[in-house]
Amino acid sequence: RAEAETKERAEEVLEMPPVVEQRPEIDDVISDDSSGLEGLNEAKHVFTDISRGIDDRTRRIVVREPSGVLRQATWPERDRMCQIYFPIEGRKLELPNMLKSEHLPVVFEQKRHVDVLDLANVQCNFDSEDSSLDSP
């Protein structure tokens, strides 16, 4: 009887967390200067506005491709540049092995569910592709 009452109260209090859509991909070409710049360099050049007080989501980050195309940075490129210039404590540039799908079964077998959640909370943006961790 007490267990049934507890379950009833828990159902009243517990709520489903909101579902957040993944960030839309960024595929925005600013200019195509391939006729004048193609072949001059083999590396990509990333230009980042490092002004203080700008939200990382709206920060201007562009990439000049070796082909001469100037485009908006993709989300992984943006995340990397923001972590380099404005590091978040505990966050690594690369996804830690513990969060990679091939390692998750072992981690869960070791009953380290809380560790995975804590690390995912620090490492991944809530709407990034990396935040949808799934085991194989």
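In what order do the elements of the chain run from the N terminus on? Color by secondary structure and read along: α-β-α-β-β-β-α-α-α. That gives 5 helices and 4 strands in the chain. With a radius of gyration of 21 Å, well over the 14 Å that the globule rule gives for 136 residues, the chain is more spread out than a compact globule. Keep in mind while you click around that this is a predicted model.

**Stop 1: the whole chain**

Zoom out and align the view to the principal axes. The C-alpha atoms fill a box of roughly 80 × 30 × 25 Å along them. Now color by accessibility: buried residues make up 24% of the 136 residues.

**Stop 2: a salt bridge between S3 and a loop**

The structure holds 11 salt bridges, and we'll visit a few. Select Arg-64 and Asp-33 and show their side chains: the two meet in a salt bridge, 3.0 Å from N to O. Arg-64 lies in strand S3 and Asp-33 in the loop between strand S1 (29-32) and helix H2 (34-37), so the pair ties together parts that are 31 residues apart in sequence. Asp-33 counts as partly exposed, at 30% relative accessibility.

**Stop 3: Arg-57, Asp-127 and their network**

Next, select Arg-57 and Asp-127. How far apart are the closest N and O atoms of this salt bridge? They are 2.8 Å apart. This pair links distant parts of the chain, with Arg-57 in the loop between S2 and S3, Asp-127 in the segment after H5, and 70 residues from one to the other. Check the accessibility of each partner. Arg-57 is partly exposed at 35%, while Asp-127 is buried, its relative accessible area being 9%.

Now add Arg-23 and Asp-79 to the selection. Together with Arg-57 and Asp-127, they are linked in a network of salt bridges.

**Stop 4: Glu-77 and Arg-71**

Clear that and pick Glu-77 with Arg-71. Here is another salt bridge, with 2.8 Å between the closest N and O atoms. Are the two partners buried or exposed? Buried counts as under 20% relative accessible area. Glu-77 comes in at 17%, so it is buried, and Arg-71 counts as buried too, at 13%.

**Stop 5: two residues in the S2-S3 loop**

Go back to the loop between S2 and S3 and select Arg-59, which sits there. Arg-59 is buried, with just 3% relative accessible area. Add Arg-78 and put a distance label between the C-alpha atoms: you should get 8.6 Å, for residues that are 19 apart in sequence.

For a contrast, click Gly-53, located in the loop between strand S2 (45-48) and strand S3 (61-64). Gly-53 is exposed, with a relative accessible area of 85%. Draw a C-alpha to C-alpha line from Gly-53 to Asn-121 and it reads 23 Å, across 68 residues of sequence.

**Stop 6: a nonpolar patch**

Switch on the surface and select Ile-50, Ile-84, Tyr-85 and Leu-93. What kind of patch do these residues form? A nonpolar one, with about 370 Å² of accessible area together. Center on Ile-84, which belongs to helix H3 (residues 75-85). Ile-84 is partly exposed, at 41% relative accessible area.

**Stop 7: a negative patch**

Leave the surface on and select Glu-25, Asp-27, Asp-28 and Glu-129. These four form a negative surface patch. Look at Glu-129 in particular: you'll find this residue in the segment after helix H5 (113-123). Glu-129 is exposed, with a relative accessible area of 63%.

**Stop 8: a backbone to check**

Last selection: Lys-111, in the loop between helix H4 (104-109) and H5. What is the phi of Lys-111 near? Phi is near 60°, a positive value in a residue other than glycine. Lys-111 also counts as exposed, at 68% relative accessibility.

**Before you close the viewer**

If you want one view to save, show the network of Arg-23, Arg-57, Asp-79 and Asp-127 as sticks. Then overlay the nonpolar patch, including Ile-84 and Tyr-85, and the negative patch, including Glu-25 and Glu-129.

Definitions and conventions. Residues are numbered from 1 along each chain as its sequence is written. Side-chain values use heavy atoms; hydrogens and water are left out. Patches are made of residues with over 30% relative accessible area and no salt bridge: like charges are joined within 9 Å, nonpolar side chains (Val, Leu, Ile, Met, Phe, Trp, Tyr) within 5 Å. Accessible areas come from the Shrake-Rupley method with a 1.4 Å probe; for residues, only the protein chains shown count as cover. Lys and Arg count as positive and Asp and Glu as negative; His and the chain ends are not counted. The place of a charge is taken as NZ of Lys, CZ of Arg, CG of Asp or CD of Glu. Buried means under 20% relative accessible area, exposed over 50%, partly exposed in between (1.4 Å probe, protein chains only). The radius of gyration is taken over C-alpha atoms; the globule rule is 2.2 Å times the number of residues to the power 0.38.
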